[in-house]
Amino acid sequence: MAYSFLALLMNLDSTGAAGGITLGGPMKLLRALLILALALGGSAAQSRLQAATPGGWDKVDPAKPKQILYFTKSSGFEHSVVKRPAPDQLSHSEKVLSELGAKHRFKVTCTKDGRIFTPENLARFDVIVFYTSGDLLEAGTDKQPPMTAAGKEAFLRAIREGKGFVGIHAATDNWHPQPDPPDKSARFQSAGERLDPYLRMIGGEFIRHGPQQVARNRVVSPQFPGCEGLGEGFVLNEEWYTFKDFAPDLHVILVQETKGMKGIDYQRPDFPATWARREGKGRVFYTSLGHREDVWTNPLFQNILLGGLGWAAGLVEADLTPNLEKVTPGHARLQPKDDPNAKKASSPAAAPK
């Protein structure tokens, strides 16, 4: 009940309107008080999170920073946090990650050029980070040079042989089994053996998302690096992805709680939202967070990301006991493709008898 009320208040606009219903002055006051309370409470939580260095980055020799490759090519949808304002200017997320690197002893190489994926280039990096979309073998939306088939294989082989990998938000929106029509209708069933090796590596495939909203992630691996100060869970205003075809060996870290969420895409049981697994000798970490600019500057997200990066780089260890079935037993039950209520509303009225 408290969470639903929170979601309502956080989605009010400046006039006190929510979902087309205008609420009076008292609701405006409540919203203002809520924002103040969240700010005060958030400051305390952020202080607690910032008290420790997540991911073991304080162990790194400042003279030998870890090397991170941040790849943000958008062959499909181009998110605002990876869109560069000009060719010679970094995007919002590239700036934030580079700033985190300067503070926490890792150097970030930012690129949208798929030609970087050669064995020689990949050997320079400790962790490869993807915020990508679409078929990266095609120039696609951003028109940047694509990966080659040999480059893709070199990348996957590097992970199997021990490179770390971190996927952020749209990184599960690559190489969907074909055909993949614009309405995404083919994604509402398991791909089985047709699942691309990249999606098998990352651990799940993006289906679709509903409207941005305040929702809750439950922490089910509280000792995973970067999650130590999160308690039992947190609420955040974000664009929440839905997934399918989870790797059976997933170690789920955060669970998407769907109860009370708006939109048909969340009419399904709780499912993994952040997880880790091993791919051969490599360490793979993925989080669905990271759509919004304000999420990137939120210390909560930054700590989760730093923890994942540190683990992927081998700076810290973590329990990777597979827990997919235990913490999300209904993960395979997907949302409906179409809204049944919309069909009823659009169907012609029955002819009078």
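## Strand β13, its surroundings and the empty spaces

Strand β13, which spans residues 282-287, is mostly covered, with 6 of its 6 residues buried. The model described here is a predicted one. Burial extends to both faces of β13, since G282, V284 and Y286 are buried on one side, while R283, F285 and T287 are buried on the other.

The pairing of β13 involves two strands that can be described in turn. Strand β6 (residues 164-168) runs parallel to β13 and is joined to it by 5 bridges, and within this pairing the bridge partner of F165 is V284 in β13. Strand β12 (residues 271-279), by contrast, runs antiparallel to β13 and is joined to it by 6 bridges, with A276 having F285 of β13 as its bridge partner. The hairpin formed by β12 and β13 has 2 residues between the strands, and in this hairpin G280 takes a positive phi near 65°.

Beyond β13, in the loop that leads to α7 (293-296), lies G290. Is G290 buried or exposed? Because its relative accessible area is 0%, G290 counts as buried. Leaving aside neighbours within four places in sequence, the contacts of G290 are V81, Y131, I168, H169, E238, V295, W296 and F301. G290 and E239 lie 51 residues apart in sequence, yet their C-alpha atoms are 8.3 Å apart in space.

Ahead of β12, in the loop that connects it to β11 (251-257), is D265. With a relative accessibility of 5%, D265 falls under the 20% limit and is therefore buried. Which side chain makes a polar contact with the side chain of D265? The partner is the side chain of R208, at 2.7 Å. When neighbours within four places in sequence are left aside, D265 is in contact with R208 and also with H209, G210, T242 and Q335.

Turning to the chain as a whole, the protein contains 10 helices and 13 strands, and 50% of its 353 residues are buried. Among the contacts with a separation of 6 or more, 76% are between residues 24 or more positions apart.

The empty space in the model can be described through one pocket and one cavity. The second largest pocket holds about 370 Å³ of space. Of the 24 residues that line this pocket, G76, F77, G134, D173 and R187 are the closest to its centre. A search of the whole structure for cavities of 30 Å³ or more finds 1, and the largest cavity holds about 70 Å³. The lining of that cavity consists of H176, P177, P179, D180, A186, R187, Q189, S190, A191, R194, E205 and K244. R187 thus appears in the lining of the second largest pocket and in that of the largest cavity.

The makeup of the two linings is set out below.

| Space | Volume | Lining residues by class |
|---|---|---|
| Second largest pocket | about 370 Å³ | 6 nonpolar, 11 polar, 7 charged |
| Largest cavity | about 70 Å³ | 4 nonpolar, 3 polar, 5 charged |

In the pocket lining, the 11 polar residues stand beside 7 charged and 6 nonpolar ones, whereas the cavity lining has 5 charged, 4 nonpolar and 3 polar residues.

Definitions and conventions:
Residues are numbered from 1 along each chain as its sequence is written. This is a predicted model: local features need pLDDT of at least 70, side-chain atom pairs count only at pLDDT 80 or more; totals for chains, interfaces and linings use all residues. Side-chain values use heavy atoms; hydrogens and water are left out. On a 1 Å grid over the protein atoms alone, a cavity is a set of points where a 1.4 Å probe fits but cannot get out, and a pocket is an open set with protein on both sides within 12 Å along at least five of seven lines; lining residues have an atom within 4 Å of a point. Grid points are joined across faces, edges and corners, and a volume is the space filled by probe spheres set on the points. Ala, Val, Leu, Ile, Met, Phe, Trp, Tyr, Cys and Pro count as nonpolar, Asp, Glu, Lys and Arg as charged, and the others, Gly among them, as polar. Buried means under 20% relative accessible area, exposed over 50%, partly exposed in between (1.4 Å probe, protein chains only). Helices (H or I, at least four residues) and strands (E, at least two) are DSSP runs, numbered from the N terminus. Two strands pair if DSSP finds at least two bridges between them. A polar contact is a pair of N or O atoms within 3.5 Å; within protein, one must be able to donate a hydrogen and the other to accept it, and residues adjacent in sequence count only if both atoms are side-chain atoms. Contact means heavy atoms within 4.5 Å.
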